[in-house]
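Trainee: Could you take me through one part of this model in detail? I would like to look closely at how its strands pair up.

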Amino acid sequence: MNDVAEKKQTEWKLIGNVAAIPKQGARTIRLGDVDIAIFRTVDDEIFAINDRCPHKGGPLSQGIVHGKRVTCPLHNWMIDLLDGRAIAPDVGCARTYPTNVVEGDIYIEIDH
Ligand code: FES
C-alpha cells in the first residue's frame, strides 16, 4: 500500500471560544451525525469527547466534571477526559478528539 494513500486527512476545525463554556461544564457541537461534548475543567483545560457514554449512551455533556473526569448522569460511570476510558471497574471507551486553544479559540482535530 502507498503510505500517502493510508494517511488520514485531518483538519483543525474552529468550534468556538473557551469563554462560552462554563468552568467544569460542557457544551455540545454536532459534526455530521455525531454529537461531541466539549468540556472545560476548573483549570481551563479543554477536552473533546463523543457525547455518548460507553455504558448505555448517556449524555456525558450533562455529567459532573471533576478534575479531568466526568461522571455520567445516568448511572454514574466515571470517564477519563484524557482518553475517553471508563474508570475501573467499569470498562469501555468513548472516542476523544485532539483539541488546541489559540487565544481563547477552540479547535478540534477531525478526520474526513
Ligand atoms: S449510560 Fe453512562 S453510566 Fe450508564
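Mentor: Happy to; here is a walk through the strand pairing, starting with the chain as a whole.

Keep in mind that this is a predicted model. The chain has 1 helix and 10 strands, and in sequence order the pattern reads α-β-β-β-β-β-β-β-β-β-β. Its radius of gyration is 14 Å, close to the 13 Å that the globule rule gives for 112 residues, so the chain is as compact as a globular protein of that length. The C-alpha trace spans about 45 × 35 × 25 Å along its principal axes, and 23% of the 112 residues count as buried. Among the contacts with a separation of 6 or more, 43% link residues 24 or more positions apart.

Now to the pairing itself. In general, strands of a sheet pair through backbone hydrogen bonds, in either a parallel or an antiparallel way. Here, 4 strands make an open sheet in the order 2-3-4-8, with antiparallel pairing. Strand 2 (25-31) and strand 8 (96-97) are at its edges, each with a single partner strand, so one side of each has no neighbour in the sheet.

Let us move inward from there. Strand 3, residues 34-40, is joined to strand 4 by 5 bridges, and the two run antiparallel. For a marker you can pick out on screen, find I36, which stands opposite N50 in strand 4. Strand 3 and strand 4 form a hairpin with 5 residues between the strands, and there D44 takes a positive phi near 65°. If you are checking backbone torsions, D44 is a good place to pause.

On to the next pairing of the sheet: strand 4, residues 46-50, meets strand 8 in the antiparallel sense over 2 bridges. Here A48 has Y97 of strand 8 as its bridge partner.

There is also pairing that involves strand 10. Strand 1 (residues 10-17) and strand 10 (residues 105-111) run antiparallel and are joined by 7 bridges. Within that pairing, E11 has I110 in strand 10 as its bridge partner. Strand 10 is also joined to strand 9 (residues 99-102), again antiparallel, by 4 bridges. One of the residues to look for is V102, whose bridge partner in strand 10 is D105. Strand 9 and strand 10 form a hairpin with 2 residues between them, and in the turn E103 has a positive phi of about 50°.

To put the two hairpins side by side: D44 has its positive phi near 65° in the hairpin of strand 3 and strand 4, while E103 has a positive phi of about 50° in the turn between strand 9 and strand 10.

Key
Residues are numbered from 1 along each chain as its sequence is written. This is a predicted model: local features need pLDDT of at least 70, side-chain atom pairs count only at pLDDT 80 or more; totals for chains, interfaces and linings use all residues. The radius of gyration is taken over C-alpha atoms; the globule rule is 2.2 Å times the number of residues to the power 0.38. A residue is buried if 20 or more other C-beta atoms lie within 10 Å of its own, exposed if 12 or fewer, and partly exposed in between; C-beta atoms are placed from the backbone. Two residues are in contact if their C-beta atoms, placed from the backbone, lie within 7 Å. Two strands pair if DSSP finds at least two bridges between them.
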